[in-house]
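Dear colleague,

I am handing over the structure below, together with some notes on its charged residues. Please look through it before reading on.

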Amino acid sequence: MKIHHIGYLVKKLDKAASEFEKLGYVRMGECTNDTIRKIDILFLEKDGYVVELVSPNAPDSVVSGLLKTYKNAPYHLCYLCENLEEELGRLTGAGYVQIDLPTPAPAIGGRRVCFLMNPAIGMVELLEQESPEQR
């Protein structure tokens with residue numbers, strides 16, 4: 001597995017993007033509305049590092065509670081997996097707790113993602129290398 005991006009939770013996506021741009025980050029496309037998770041997502045890149053800005057767009061968004069707790073902050077690392085099911089099985093067998101089912105991510109070409117928690121390091125996201133239709 002290799003790191004794909006750092007998920008960064010923000011209250012105001014446009015304002016946060018503007019601040020990252022002042023640091024030299026460049027937008028990687030347009031903002032995406034993920035209706036499944038009720039969030040808006042924007043990817044930015046600098047020197048090979050990718051940051052995913054994540055902002056809730058509804059009170060019952062999957063990240064609304066996290067935003068109240070953590071405010072604007074990094075909150076997960078995303079790992080690119082050659083085989084999502086194998087990595088999911090390996091990590092759950094090693095004590096990681098799966099907190100959702102693999103679900104398509106509109107902001108990443110519909111490839112499936114799955115989130116896990118670990119008490120020592122927090123949340124991680126697994127991203128499949130390619131969608132089932134691409135295989």
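The notes that follow deal with salt bridges, a buried charge and a surface patch.

Please bear in mind that this is a predicted model, in which local features need pLDDT of at least 70 and side-chain atom pairs count only at pLDDT 80 or more, while totals for chains, interfaces and linings use all residues. Residues are numbered from 1 along each chain as its sequence is written, and side-chain values use heavy atoms, with hydrogens and water left out.

A search of the whole structure gives eight salt bridges, the term standing for a side-chain nitrogen of Lys or Arg within 4 Å of a carboxyl oxygen of Asp or Glu. One of them joins E85 to R112, with their closest N and O atoms 2.7 Å apart. Because E85 belongs to helix α3 (residues 84-93) and R112 to strand β9 (residues 112-118), this pair ties together parts that are 27 residues apart in sequence. Helices here are DSSP runs (H or I, at least four residues), as are strands (E, at least two), and both are numbered from the N terminus.

R112 also forms a salt bridge with E128, where the closest N and O atoms are 3.1 Å apart. That pair links R112 in strand β9 with E128 in strand β10 (residues 122-128), 16 residues away, and through shared partners E85, R112 and E128 become one network. As for exposure, E128 counts as buried at 0% relative accessibility, and R112 is likewise buried at 16%, whereas E85, at 43%, counts as partly exposed. Buried means under 20% relative accessible area, exposed over 50%, and partly exposed in between (1.4 Å probe, protein chains only).

A further salt bridge brings together the side chains of R37 and D34 (2.7 Å, N to O); R37 is buried with a relative accessible area of 9%, and D34 is buried with 1%.

E52, in strand β5 (residues 49-56), is buried yet has no salt bridge, and the nearest side chain of opposite charge, R37, is 7.9 Å away. The side chain of E52 does, however, make a polar contact with the side chain of H5 (2.8 Å), a polar contact being a pair of N or O atoms within 3.5 Å, one able to donate a hydrogen and the other to accept it, with residues adjacent in sequence counted only if both atoms are side-chain atoms.

Finally, K11, K12, K15 and K71 gather in a patch of positive charge on the surface; such patches are made of residues with over 30% relative accessible area and no salt bridge, like charges being joined within 9 Å. Of these, K15 sits in helix α1 (residues 13-22) and counts as exposed at 57% relative accessibility.

With best wishes

Methods. Patch = residues over 30% accessible without salt bridge, like charges linked within 9 Å, V, L, I, M, F, W, Y side chains within 5 Å. Areas by Shrake-Rupley, 256 points an atom, 1.4 Å probe, with all protein chains shown as cover. Lys, Arg positive; Asp, Glu negative; His and termini not counted. Charge placed at Lys NZ, Arg CZ, Asp CG, Glu CD.
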